[in-house]
Amino acid sequence: MHERRIERVFEESSPDDLLSVVEQCRREESATIGRRMAAIAGLLWHRTAEAEGIDDDPGYAMITGFARTTAEIGAALNLPPTTAGTIVSHAEALERLPEIAALLADGRVDWPTCEVVIRRCELVDHDAMVELDQRLASTISTWPSWSRRRVIHAVDAAIARLDPEAAKKRRQAADTDRYLRVTAKPNGMADIRGSVPAPAAAMFDKRVTEMAAAVCAEDPRTTMQRRADAIEALTEGRELGCACGRSDCPIAPVDPEIRGGVRFVINVIAGEATLTGDDEEPGHLEGYGVIDADQVRQIAARKAILRPVGPPPTNAKLAASLRYQPSAAVERWIRCRDLICRFPGCDRPAWRADVDHTVPFDHDDPRAGGGPTLGTNLGCYCRQHHRLKTFHGGPDGWRDVQLADGTIVWTSPTGREYRTTPDGAELFDGIAAACGIPRLRKRNRRREKALRTAAARRGMHAKRAANDATLALNRARLAEIDIRKWRNDMRRTLLNLKGGAPSTSPWCTWVNDPREDEHISADWRPPERDPDQTPDEPPF
């Protein structure tokens, strides 16, 4: 529907007109981003002034203006805390580049170019930043046709001339900013990206290369596939096994049971039917996400420890609910139910999060009923958002309320409400049923019609059988009335012939019996008859 509408709008436009629309949209996007960044910077100013005015030295309880702004932006835009923090830091950096910010607000420079300038200038001295901002703004109009690499070179050259120390600081900061990130892909695989010191990267590359080469020439895998498999072997503390499958392989087979190094635990959530092969419902792998049923069974086949997960008791008077620390079973249930931090937009895994009481636990008198350690009063919050709720809560801060089905309703300092539902209930019907969440069934009209037809046919079949029985009974009743009338006629004939004398014939002795009633009752049923018996014949 929408595609046809777009075709009608632009079907009369020339290629030049279409390109003009594209360029205009890019300018409008840039201007919109500029407005958004200015609003975020304004919010940061308010929250910073608010945080600094509370206490001169709040110590560990300090929730900075940057942290407050990051939380509100993450909730408003539904972004994870890392992404929200990056946006807030970029908005703050644009305050140091007013000329560049003005160009962005006018749509004269795109956001990717501004982002390059911000990232390269983050360590430039404040005094040098003023001149750098003016110099870059005066020449930025010549950049639209430049490649991204050329823009980076131009910014780096300007920084080297105006603030050589900033380049040195950037090299030193690179070591501090090292990271390793695993990103899930939608095909059962994952990307590994990172920034590590050059010596460590060289040693890792050499080790993986050696392991990939330590197989025979008949191994069917490519070099890159063997390097990827070597990472798994490396994490398990073993050598890479050969995959040729030959009995005379010159490479000694690797015993998967012999492993060295550090043992670690990876949590996988799956239904019992998936493990037994009776169902193909997917599972969830900690640190990755959804995996298919075959991968679940492959992991379980490696002598995995299976622990049943079920909803904890809901009785607030039990001894376990009166302890502050939840039991291992309750904590496992909460982490499996939530899967990720329950703050709006946060994507940090629940296995590394804190288990927090929604209603604070009453340490003085747990039996008073305040904040029991129950599944309906616990939630997983990452350390950042746990601290935010603890030290920036109350009427002017963040407040959370947990509903009976596990939904947590957050209220921001500005009064906005955000709802987060347990992620595990979205993936597993068992968890959803335990939380009391109704599952929406996708309609299949063809199947529903087939079920209705089958039900109608079963009803017709049952009714046909009942009708056949009634018809047979009615026919038997008519036959019984006819045979009684016939026998009475025979009795009248005998009376006419013999004047009331009885018949002495050994056949049809019933002719001497009294006259039969030719009307039968409603509860009459036909007697069982001998199929070999021949019908009676009259004695005359």
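Of the contacts in the protein chain with a separation of 6 or more, 56% are between residues 24 or more positions apart. Keep in mind that this is a predicted model. The chain has 540 residues, and buried residues make up 31% of them. Its secondary structure comes to 18 helices and 10 strands.

**Helix pairs**

Two packed helices are described by the angle between their axes and the distance between the axes. Here are three pairs to start with.

| Helix pair | Axis angle | Axis distance |
|---|---|---|
| α2 (residues 15–52) and α4 (residues 81–94) | roughly 90° | within 8 Å |
| α6 (residues 111–120) and α8 (residues 148–162) | about 35° | 10 Å |
| α7 (residues 126–139) and α8 | roughly 145° | within 10 Å |

Take α2 and α4, whose axes cross at roughly 90°. That angle makes α2 roughly perpendicular to α4. On the α2 side, the contact uses Met 37, Ile 40, Ala 41 and Leu 44, and these meet Ile 87, Val 88, His 90, Ala 91, Glu 92 and Leu 94 of α4. Sorted by class, the residues of this contact are eight nonpolar, one polar and one charged.

Helix α8 shows up in the other two rows. Its crossing with α6 is right-handed. From α6, the residues involved are Pro 112, Thr 113, Val 116, Val 117 and Arg 120, while α8 brings Arg 148, Val 151, Ile 152, Val 155, Asp 156 and Ile 159. That contact of α6 with α8 counts seven nonpolar, one polar and three charged residues.

The crossing of α7 with α8 is right-handed too. In this pair, Ala 128, Glu 131, Leu 132, Arg 135 and Leu 136 of α7 meet Ala 158, Ile 159, Arg 161 and Leu 162 of α8. The class split for α7 with α8 is six nonpolar, no polar and three charged.

**Around α4**

Back to α4, starting with a quick geometry check. At 1.5 Å a residue, its 14 residues should span 20 Å, and the end C-alpha atoms are indeed 20 Å apart, which agrees.

Which residues of α4 are buried? They are Pro 81, Ala 84, Gly 85, Ile 87, Val 88, His 90, Ala 91, Ala 93 and Leu 94. Their cover includes α2, α3 (65–77), α5 (98–105), α6 and α15 (383–391).

Thr 70 gives a closer look at one piece of that cover, as its place is in helix α3. Thr 70 has a relative accessible area of 4%, so it is buried. Setting aside neighbours within four places in sequence, Thr 70 is in contact with Pro 81, Ala 84, Gly 85, Val 88 and Gln 384.

**Helix α14**

Further along the chain, α14 (residues 328–338) has its own set of buried residues: Val 330, Trp 333, Ile 334, Arg 335, Cys 336, Arg 337 and Asp 338. What do the buried residues of α14 pack against? The partners are strands β3 (268–269), β6, β7 and β8 (399–402), together with helices α16 (423–427) and α17 (429–435). One backbone detail for anyone checking torsions: Leu 339, just after α14, takes a positive phi of about 70°.

**Two single residues**

Is Leu 285 buried or exposed? Its relative accessibility is 18%, and because the cut-off for buried is under 20%, Leu 285 counts as buried. Leu 285 lies in strand β4 (residues 283–285). Not counting residues up to four places away in sequence, Leu 285 touches Ile 266, Asn 267, Val 268, Ile 291 and Ile 299. Ile 299 is 14 residues from Leu 285 along the chain, and their C-alpha atoms are separated by 9.9 Å.

Gly 370 sits in a loop, the one between β6 (354–357) and β7 (378–381). With 27% relative accessibility, Gly 370 counts as partly exposed. Leaving out neighbours within four places in sequence, Gly 370 is in contact with Pro 360, Phe 361 and Asp 362. Between the C-alpha atoms of Gly 370 and Val 359, which are 11 residues apart along the chain, the separation is 6.9 Å.

Technical notes:
Residues are numbered from 1 along each chain as its sequence is written. This is a predicted model: local features need pLDDT of at least 70, side-chain atom pairs count only at pLDDT 80 or more; totals for chains, interfaces and linings use all residues. Side-chain values use heavy atoms; hydrogens and water are left out. Axes are lines fitted to C-alpha atoms, for helices over the stretch in contact, and angles run from 0 to 180 degrees between N-to-C directions. Helices (H or I, at least four residues) and strands (E, at least two) are DSSP runs, numbered from the N terminus. Angles under 35 degrees count as roughly parallel, over 145 as roughly antiparallel, 65 to 115 as roughly perpendicular and the rest as oblique. Contact means heavy atoms within 4.5 Å. Ala, Val, Leu, Ile, Met, Phe, Trp, Tyr, Cys and Pro count as nonpolar, Asp, Glu, Lys and Arg as charged, and the others, Gly among them, as polar. A crossing is left-handed if the near helix is turned anticlockwise from the far one by less than a right angle, and right-handed if clockwise. The expected span of a helix is 1.5 Å times one less than its number of residues. Buried means under 20% relative accessible area, exposed over 50%, partly exposed in between (1.4 Å probe, protein chains only).
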